[in-house]
Amino acid sequence: MSRSDGEAGAVGGEAEGAVPPVAGEDRPAAAPADDRQTALLVRNIADGDVEAVVDLWERAGLTRPWNDPRRDIAFARRDDHATVLVAAVGTAIVATAMVGEDGHRGWVYYVTSDPARRGEGLGRRIMAAAEEWLLARGVWKMHLLVRAENTAAVSFYEHLGFSDGRVSCLQKVIRPDLVPARPEAG
Ligand SMILES: CC(C)(COP(=O)(O)OP(=O)(O)OC[C@H]1O[C@@H](n2cnc3c(N)ncnc32)[C@H](O)[C@@H]1OP(=O)(O)O)[C@@H](O)C(=O)NCCC(=O)NCCS
């Protein structure tokens, strides 16, 4: 799926609303603990979300100078093997996960929640939606790449049931001319 190098992130292009809503996410909970949660909707990214998603990724530190996030989003959306799921409160995007399947396994990238709303369950919610997206396609196993130094993210994923697969991630650029140019150092 994602053909970028974005360990933190991934790809998507389906019509808004194509993801079956998680039970209860499109209607108020019976006894909401937080009014902001009642308006939360997890759905596929729409054209009008792109700038808000890029803004969130920049604030969350997920972007890299050599990776164009808009290109990554467009690439993810080019067919139905991947998408970017967003958790939205009105027009505000408060969490994302790029999810896709490669014909064998599921992958997730660009997982984040709004830095101002950490610890509210948004990360768990968007990961659950990514799992549902994969299960709806018959994909029963989910993989992700995370930089080893991102210990907080590793702990988060372990808390959600992920474990280190003890595999090496080997990479090869098969078309160097297609690699986005990296900015000069210094
Ligand atoms: C990692 C991240 C997505 C977590 O989002 P969040 O919205 O704060 O997470 P939630 O509030 O949904 O937490 C879900 C659960 O994980 C736990 N959790 C959250 N962060 C954790 C951490 N660093 N270590 C261990 N557990 C953690 C919570 O306690 C909660 O537990 P519970 O549901 O059993 O009570 C968020 O911190 C983030 O966006 N980080 C920066 C971007 C990033 O590094 N993304 C990963 C790229 S690979």
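What distance should the 14 residues of helix 4 span at 1.5 Å a residue, and how far apart are its end C-alpha atoms? The expected span is 20 Å, and the end C-alpha atoms lie 20 Å apart, so the two values agree. The model in which this helix is found is a predicted one, and the paragraphs below place helix 4 in its surroundings.

The chain holds five helices and five strands. Followed along the sequence, these elements give the pattern α-β-α-α-β-β-β-α-β-α. Of the 186 residues of the chain, 33% count as buried. Among contacts between residues at least 6 apart in sequence, 69% join residues at least 24 apart.

The strands are best considered together. They form an open sheet of five strands in the order 1-2-3-4-5, and the pairing is mixed. Strand 1 (40-44) and strand 5 (142-144) occupy the edges; each has a single partner strand, so one side of each is left without a neighbour in the sheet. On average, neighbouring strands of this sheet are turned by 25° against each other, direction ignored. As a general matter, the strands of a sheet pair through backbone hydrogen bonds, in either a parallel or an antiparallel sense.

The sheet can be followed from strand 1 onwards. Strand 1 and strand 2 run antiparallel and are joined by five bridges; in strand 2, Val89 is the bridge partner of Leu40. Strand 1 is mostly covered, with four of its five residues buried.

Strand 2 (residues 82-89) in turn pairs with strand 3 (residues 92-101), again in the antiparallel sense, over eight bridges. Within this pairing, Thr83 has Val99 of strand 3 as its bridge partner. Strand 2 and strand 3 form a hairpin with two residues between them, and Gly90 in the turn has a positive phi of about 65°. Helix 3 (residues 69-76) packs on the sheet, where it touches strand 2 and strand 3; the direction of helix 3 makes about 115° with that of strand 2.

Strand 3 is mostly covered, since eight of its 10 residues are buried. On its other pairing, strand 3 meets strand 4 in the antiparallel sense over six bridges, and Gly106 in strand 4 is the bridge partner of Glu101. These two strands also form a hairpin, with four residues between them, and Gly103 in the turn has a positive phi of about 95°.

Strand 5 contains His143. Is this residue buried, exposed or partly exposed? His143 has 14 other C-beta atoms within 10 Å, and is therefore partly exposed. Apart from its neighbours within four places in sequence, His143 is in contact with Arg105, Gly106 and Trp107. His143 and Phe162 are 19 residues apart in sequence, and their C-alpha atoms are 8.5 Å apart in space.

Helix 4 can now be set against the sheet. This helix lies across strand 1, strand 2, strand 3, strand 4 and strand 5, and runs at about 30° to strand 3. Its buried residues are Leu122, Gly123, Arg125, Ile126, Met127, Ala129, Ala130, Trp133 and Leu134. The buried residues of helix 4 pack against strand 1, strand 2, strand 3, strand 4 and strand 5, and also against helix 5.

The last feature to consider is the ligand. Which residues are the closest to it? Of the 20 residues that surround the ligand, the closest are Thr112, Ser113, Arg118, Gly123 and Ser155. Strand 4 (106-113), helix 4 (122-135) and helix 5 (151-159) are the elements that give two or more residues to this shell. Helix 5 gives the most, with five residues. In composition, the residues of the shell divide into nine nonpolar, eight polar and three charged. Gly123 thus appears both among the closest residues to the ligand and among the buried residues of helix 4.

Terms used:
Residues are numbered from 1 along each chain as its sequence is written. This is a predicted model: local features need pLDDT of at least 70, side-chain atom pairs count only at pLDDT 80 or more; totals for chains, interfaces and linings use all residues. A residue is near a molecule or strand if its C-beta atom, placed from the backbone, lies within 6 Å of it. Ala, Val, Leu, Ile, Met, Phe, Trp, Tyr, Cys and Pro count as nonpolar, Asp, Glu, Lys and Arg as charged, and the others, Gly among them, as polar. Two strands pair if DSSP finds at least two bridges between them. Axes are lines fitted to C-alpha atoms, for helices over the stretch in contact, and angles run from 0 to 180 degrees between N-to-C directions. Two residues are in contact if their C-beta atoms, placed from the backbone, lie within 7 Å. A residue is buried if 20 or more other C-beta atoms lie within 10 Å of its own, exposed if 12 or fewer, and partly exposed in between; C-beta atoms are placed from the backbone. The expected span of a helix is 1.5 Å times one less than its number of residues.
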